Amino acid sequence: MTDKLIIFDTTLRDGEQSPGASMTKDEKVRIAKSLERMRVDVIEAGFPRASKGDFDAVQAVAREIKESTVCALARALDADIDTAGEALKEANSSRIHTFIATSPIHMEKKLRMTPDQVVEQAVKAVKRARNWTNDVEFSPEDAGRSELDFLCRVIEQVIDAGATTINIPDTVGYNVPQQFGELIKSLISRIPNADKAVFSVHCHNDLGLAVANSLSAVMQGARQVECTINGLGERAGNAALEEVVMTLRTRQDLFTCDTGIDTTRIVSTSRLVSSITGFAVQPNKAIVGANAFAHESGIHQDGVLKNRETYEIMRAEDVGWSANRMVMGKHSGRNAFRTRMQELGISFESEEQLNITFARFKDLADKKHEIYDEDLQSLVSESESAAVNEQFKLVSMKVCSETGEVPIAALTITVNGVEQQGRAEGSGPVDAAFKAIESVVNSQTELQLYSVNSITSGTDAQGEVTVRLERGGRIVNGQGADVDIVTASVKAYLNALNKIAAPEERAHPQV
Ligand code: KIV
Ligand code: ZN
């Protein structure tokens with residue numbers, strides 16, 4: 001009999017804690033829908049107490065998601081728990097995840113609390129969370145550096161208080177596989193009421209061991225793994241969902257459990273997360289990297305052609321790699337457009353929103369002969385970007401780039417509805433265009449990242465640009481897509497400026 005391993009995705013919470021990976025409410029909902037389609041069991045949507053924006057995003061995810069459990073993070077504090085409970089009120093199935101640190105260093109230096117006080121606060125938090133939902137997860141933060149006896153004591157008491165999932169985080173990525181597996185085994189065997197809760201693990205990747213540690217824990221009885229798409233997350237990231245899931249699927253000879261994940265959704269979800277956060281996936285990344293299934297050497301190619309199993313342990317199509325599919329063109333109508341969007345899991349809030357996106361599709365089809373699924377996805381990103389309170393808008397631009405001449409850009413943008421002109425030279429056309437925008441806006445921001453990816457193949461492919469800007473410690477990502485790279489870059493820059501113009505105070509859960 002194969003046990004079920006619960007997949008708890010925290011891309012929208014721990015993933016978002018990576019500097020620069022912040023997401024808007026609509027972006028979070030889109031990713032959540034993609035996770036739901038992939039049949040993720042639990043989606044940790046955010047930390048509602050961090051800011052009003054975080055609260056709204058968790059609430060929006062809770063409203064939209066019907067199949068997966070929606071979870072919200074809360075420190076072991078009354079206000080955090082009540083805010084999480086409030087944000088989750090409309091969820092079909094909700095979970096509150098509360099935590100407090102249990103390692104000597106965190107208790108003494110960060111919390112300045114005695115172990116007794118920590119136990120008392122943990123128990124109180126779990127009881128309070130149970131007033132909101134029967135599904136309560138408790139994490140002893142920095143469990144990987146906590147004392148075993150103390151962990152057993154806290155966990156036994158929080159289970160008695162009503163915790164249904166006990167999550168063991170290796171918060172700083174310090175553990176190694178065999179020892180971490182032993183820790184889980186000891187906890188499960190020593191805690192008298194361990195059978196009343198599901199044991200979970202949450203591993204960080206500081207030593208590159210997050211997936212290995214998680215899997216070692218699964219071998220010793222953990223039945224939930226917390227992970228993120230593409231391994232996104234605080235510092236070096238969390239365990240990558242795609243690696244955990246595909247290891248279990250591929251090595252059923254070694255594991256006594258499996259997940260309910262629809263693995264064919266992995267690649268599209270990975271791409272969505274990468275394009276929204278601007279965190280590119282390295283080509284040699286397992287499962288979702290562009291080269292993960294590419295066989296370059298002649299010997300490998302020959303072997304795969306004779307029998308794919310000579311060099312392939314998984315099938316590319318099982319994780320969702322497929323050739324770009326031409327779905328639509330210039331003559332496709334509104335109904336065909338709506339139907340294909342529905343098939344991609346994209347719905348429109350109103351007829352007006354459908355019409356706006358359809359008009360963008362027609363514009364694109366005029367410039368680009370063949371429209372692929374990825375192009376359709378980017379149209380939605382664009383419509384969502386346009387929905388961000390648009391203080392700055394592009395009206396027109398002219399960019400000259402000629403051999404032997406200094407590139408120059410002249411553009412007209414609206415600032416709060418008023419047209420203004422900017423003009424600047426630069427070391428290249430994109431540099432000139434950004435300087436021309438700054439000659440109008442003077443945003444005092446610092447450019448942290450500029451990246452271009454082609455959405456599909458071919459020289460008429462749309463370029464998808466991410467611009468990451470920083471001001472006063474706040475970091476935002478802007479996106480833009482167009483068949484003209486300079487236009488895509490200008491759209492991304494203005495999108496980032498619009499995002500940074502919206503003020504937001506945000507707290508970090510673990511500080
Ligand atoms: O890494 C960590 O300890 C966390 C907890 C909040 C579970 O993210
Ligand atoms: Zn974490």
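Which residues in H10 are buried? The exercises below work through this and other points in a predicted model.

**Exercise 1. Helix H10 from end to end**

Task: List the buried residues of H10, then check the length of H10 against the span it should have.

Solution.
- Step 1. Go through the helix. Ile-266, Val-267, Thr-269, Ser-270, Leu-272, Val-273, Ser-274, Ser-275, Ile-276 and Thr-277 are buried.
- Step 2. Weigh the count. Because 10 of the 12 residues of H10 are buried, the helix is largely enclosed by the rest of the structure.
- Step 3. Check the length. At 1.5 Å a residue, the 12 residues should span 16 Å. The end C-alpha atoms of H10 are 17 Å apart, which agrees.
- Step 4. Zoom in on one residue. Ser-270 sits in H10, which covers residues 266-277. Its relative accessibility is 3%, so Ser-270 counts as buried.
- Step 5. Find its partners. Beyond residues up to four places away in sequence, Ser-270 touches Ile-229, Asn-230, Val-281 and Val-288.
- Step 6. Look past the end. Gly-278, just after H10, takes a positive phi of about 80 degrees.

**Exercise 2. The zinc ion**

Task: Which protein donors does the zinc ion (ligand 2) have, and how are the donor residues spaced in sequence?

Solution.
- Step 1. Name the donors. They are Asp-14 through OD, His-202 through NE2 and His-204 through NE2. They lie 2.0 to 2.2 Å from the zinc ion.
- Step 2. Write the spacing. The donor residues follow D-x187-H-x1-H.
- Step 3. Place the distant pair. Asp-14 is in the loop between strand S2 (6-9) and helix H1 (25-37), while His-202 is in strand S8 (residues 198-203). The two are 188 residues apart, and the pair links distant parts of the chain.
- Step 4. Check exposure. The cut-off for buried is under 20% relative accessible area. Asp-14 has 1%, so it is buried. His-202 has 5%, so it is buried too.

**Exercise 3. One face of helix H5**

Task: Where on H5 do the buried residues fall, seen down the axis?

Solution.
- Step 1. Check the helix itself. H5 runs over residues 115-130. Its 16 residues should span 22 Å at 1.5 Å a residue, and the end C-alpha atoms are 23 Å apart, which agrees.
- Step 2. List the buried residues. They are Val-118, Val-119, Ala-122, Val-123, Ala-125, Val-126 and Ala-129.
- Step 3. Look down the axis. The buried residues of H5 fall within an arc of 160 degrees, so they line one face of the helix.
- Step 4. Recall helix geometry. An α-helix has 3.6 residues a turn, so residues three or four places apart point the same way.
- Step 5. Find the cover. It includes helices H3 (78-87), H4 (104-111) and H6 (148-161), along with strands S5 (94-101) and S6 (136-141).

**Exercise 4. Two helix crossings**

Task: At what angle do the axes of H1 and H2 cross, and at what angle do those of H7 and H8?

Solution.
- Step 1. Take H1 and H2 (residues 52-64). Their axes come within 9 Å and cross at roughly 35 degrees. H1 passes H2 in a right-handed crossing.
- Step 2. Name the contact. Lys-25, Lys-28, Val-29, Ala-32 and Lys-33 of H1 meet Asp-56, Ala-57, Ala-60, Val-61 and Glu-64 of H2.
- Step 3. Take H7 (residues 177-190) and H8 (residues 210-219). Their axes come within 8 Å and cross at roughly 40 degrees. The crossing of H7 and H8 is right-handed.
- Step 4. Name this contact. H7 brings Pro-177, Gln-178, Phe-180, Gly-181 and Ile-184; H8 brings Ala-212, Asn-213, Ser-216 and Ala-217.

**Exercise 5. Positive phi outside glycine**

Task: Is Arg-39 buried, exposed or partly exposed? Is Ile-287 buried or exposed?

Solution.
- Step 1. Recall the rule. Most residues other than glycine have a negative phi.
- Step 2. Take Arg-39. Its phi is positive, about 70 degrees, although Arg-39 is not a glycine. Arg-39 lies in the loop between H1 and S3. At 49% relative accessibility, Arg-39 counts as partly exposed.
- Step 3. Take Ile-287. Its phi is also positive, near 70 degrees. Ile-287 lies in the loop between H10 and helix H11 (298-306). At 6% relative accessibility, Ile-287 counts as buried.

How values were computed:
Residues numbered from 1 in each chain as written. Chains lettered and ligands numbered in written order. Predicted model: local features only at pLDDT ≥ 70, side-chain atom pairs only at ≥ 80, totals over all residues. Heavy atoms only, no water. Donors = N, O, S within 2.8 Å, 3.2 Å for Na, K, Ca; no water. Helix = DSSP H or I, 4+ residues; strand = E, 2+ residues; numbered from the N terminus. Buried < 20%, exposed > 50% of the residue type's maximum accessible area, 1.4 Å probe, protein only. Expected span 1.5 Å × (residues − 1). Arc of directions from axis to C-beta. Contact = heavy atoms within 4.5 Å. Axes fitted to C-alpha atoms, helices over the stretch in contact; angles between N-to-C directions. Left-handed = near helix turned anticlockwise from the far one by under 90°.
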